[in-house]
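Me: Hi, could you walk me through this structure? I'm new to this, so plain words please.
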Amino acid sequence: MNPVVEVVDNSFIFIVAISVLLLVGITIAMIYFVFRYSEKNNPKPDQSITGNTTLEVVWTVIPLLLVMAMFFYGYIGFRDIRNIPPDAMVVKVTGRMWVWSFEYENKKKSDTLLYLPVGRNVKFELSSADVVHSFYVPAFRVKEDCVPNRTNYMWFHTSQEGTYDVFCAEYCGMNHSYMLGKVIVITEKEFLEWVRVPDTLKTDTLKTTTTSVVAPMTGEVKADTSKTAGDKKDTIKTNTKDTLLRRENK
Amino acid sequence: MTDTLAAHEGSYLEYEGRHKGILGWVLSTDHKRIGLLYLSAIMVFFFVAMTLGVMMRLEMLTPGETIMKPQTYNSIFTLHGVIMVFLFIIPAIPAVFGNFIMPIQIGAKDVAFPRLNLFSWYLYMTGATLAIISLFTGGGAADTGWTFYVPYSIRSAQNVSFTTLAAFVLGFSTIVTGLNFIVTIHRMRAPGMTWFRMPLFAWGLYATSWIQVLATPVIGITLFLIILERLLGVGVFDPALGGDPILYQHMFWIYSHPAVYIMILPAMGVVSEILPTFARKDIFGYKQIAISSLGIALIGYLVWGHHMFVSGMSDTARIVFSLLTFLVAIPTGVKIFNWVATLYKGSIKFSAPLYYVLAFIFIFSIGGLTGLVLGALATDIHVTDTYFVVAHFHYVMFGGMGIMFFATMHFWFPKMFGKMYNEKIAVIACTIIIVGFNILYFPMFIMGYMGMPRRYYDYLPHLQGWHILSTVGSWILVAGIVFMFGNLLYALLKGPKAARNPWGGTTLEWRVSSPPTVENFDEIPVVTGGPYVHDKPTYIMQPSKELVHENGDKLKGETLKAH
Ligand SMILES: [Cu+2]
Ligand SMILES: [Cu+2]
């Protein structure tokens, strides 16, 4: 089991459980009072009740303790999310409208599909070529923004073989919802074979200049140059290209 | 008997001063007429933004294209957000009911600066007009989201400059209104109305006004800088020119987080008016509720960073902001507990406004409690920027401020228009709203935890069931809202006359006629006790007469002290 997933889900359950108790308590008390002290059942209101210091202290201190526990739980999980194991392999992730590109330690590059060996800790160095994106892999409960001109990081543990969805979670323009990808966790052996071959993917199916689109109905990844590349020009101001070029020339 | 006569003759609705007809309204400096000017404009924008919301939900009915293209969808969610936030949620309760009711509640004839008040309505209309112009000029409606995050907002070819300019101008309107309320509350309270005899609605407005005055300039400057970036490329935020996009996010949220308290504090103030009125007893923990408004305003200032837990902000900052965010939950909790306790041993008259408030407490509690999931670091990183957040803030903003706006309408409707509506229909409409609301927004919590990012035009097919449910909820909700407003509209035209005090309220606005006269009071009243005392009078409405005719010692001492 992935330790980060576990700690996030547990904090979630912890917070939701307390919240449900509070919500049920508040709602039941409210509804009970409305019936029990209705005009009919209680014709004379008790005007002497205007407050109660003990109660005020109780419902300040107990919630304070509860939320501090929640904070602490969240903080513990956060430590796990942020502390990168020293043995982690590094993958550079670059977001650009509207495609993900990955660069492995041996400089091999791929687009949209992120191949990773099973049972490894992977650190991601996140950046962006244009606007703010956010690299989000729900199955691993992590995301972090990709901000131009700076490198953010995150990590996760590839506990199980399989294919996992990647989303862009920070709104980035027209095809934000098509800025998708897949994390494909394969065996160490398969991965080594794949990563050794220099840039096969790039020439085969996906070019760095191609915008990849996950076909909405099937969830399959395919390259769709015509639609997105054409639309792209419409939404980005002409000077964008210049700014981008200037950056890349540096 | 004489009261009804006087009320009818001098009603602010029928008054004709220097100007007649429509001019008598758009040039009026009467706080009540200005309140209604705001109300009419705000209702139009509410229905526009609601329609946009319904269109978004229609688009999400099926994966891929349902009724529109991605570019249109992006503009629509931006407009939905901008209009709802800047033209409805922020001004609605303060500008409409704050203007109308608050001066009467504190025993004043008007706000401190009546002309400035009218000016702020014109600023509001100017901002609104700019927003409308932005739709039809340049590249068309902005597509940045209401958050205008850079660098996208600098690069978008859409008409972002106009939209931000609109928000900039609207900001001024908010600041002016806030300033006016602060001075009004400080200087215009009736004799004897000490701070702790002030109605809690006025307290809520007071806390809100301070946030408006202190925080709004920050968003003004920030949005103005975006315009400068777009026109001149000054490079404050644009990383391509050495600027810092994270700086933008800080500046944006330094305003926009406290802004959620601008949105909710006045609404909370109305809750504290409605509960003691229908429970027929004093509010529980008056001081705690009053002070907690200030507490929320103060701590609310320091928690903006919780919107940026995945932005790349330092880990230390994330931890500090998370801690502070949890602290702001405390004064909010205190309010809720005190409200529920107010019902204890009351003699509760079940009525439409009360029913809306009960709906508010339930829905807003869900909103507040799910906020804890977003405040905790580990869970926020997973659910931020997903539908979980969308659900959370609709529970807080719509379920909080929106439902309370409806409650407020029903509570003060008889006072404002002197007409009564059908309470049964109001209760049925509210039930439909509660059901529709939860079917619309609750599935979003689930989709969010499943990893559905927000502001997505398209989605993976396994989520379709939840999306369909949510869209159906939007239809139910809209049906309820239309039903509710239809009922009020009918009452406005054909409703029976409302009494001066139909609910048995204890604050000053229930002591004046329905609708109030132009001057509100024949004579400035003298206040002799708290705002929610049900078993003895706490106001002397005509001090000059009553002091002569009555020789009660209890009044004399108080009155003298007050002067
Ligand atoms: Cu994106
Ligand atoms: Cu916030």
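Reply: Sure! Let's begin with a term: donors are N, O and S atoms within 2.8 Å of the metal (3.2 Å for Na, K and Ca), and water is not among the atoms, so sites may look incomplete. Here the donors of the copper ion (ligand 2) follow the spacing H-x48-H-H along the chain. Note that this is a predicted model, where local features need pLDDT of at least 70, side-chain atom pairs count only at pLDDT 80 or more, and totals for chains, interfaces and linings use all residues. Residues are numbered from 1 along each chain as its sequence is written, chains are lettered from A and ligands numbered from 1 in the order in which they are written, and side-chain values use heavy atoms, with hydrogens and water left out.

Me: Which protein donors does the copper ion (ligand 2) have?
Reply: They are B:H257 (ND1), B:H306 (NE2) and B:H307 (NE2), at 1.6 to 2.2 Å from the ion.

Me: Is B:H306 buried or exposed?
Reply: B:H306 is buried, at 13% relative accessible area. Buried means under 20%, exposed over 50% and partly exposed in between, with a 1.4 Å probe and protein chains only. B:H307 is partly exposed, at 28%.

Me: New topic: how many residues does each chain bring to the contact?
Reply: Chain B brings 95 residues and chain A brings 91, where contact means heavy atoms within 4.5 Å.

Me: And what area is buried between chain B and chain A?
Reply: About 7,800 Å², with carbon and sulfur atoms giving 68% of it. Buried area is the accessible area (1.4 Å probe) that two parts lose on being put together, summed over both.

Me: How many salt bridges are there between chain B and chain A?
Reply: Two. A salt bridge is a side-chain nitrogen of Lys or Arg within 4 Å of a carboxyl oxygen of Asp or Glu. One salt bridge pairs A:E144 with B:R318, at 2.9 Å from N to O.

Me: Are those two side chains buried or exposed?
Reply: Buried: A:E144 has a relative accessible area of 1%, and B:R318 has 0%.

Me: Which residue of chain B forms a salt bridge with B:R318?
Reply: B:D315, with the closest N and O atoms 3.7 Å apart. B:D315 is partly exposed, at 23%. A network of salt bridges links A:R82, A:E144, B:D315 and B:R318.
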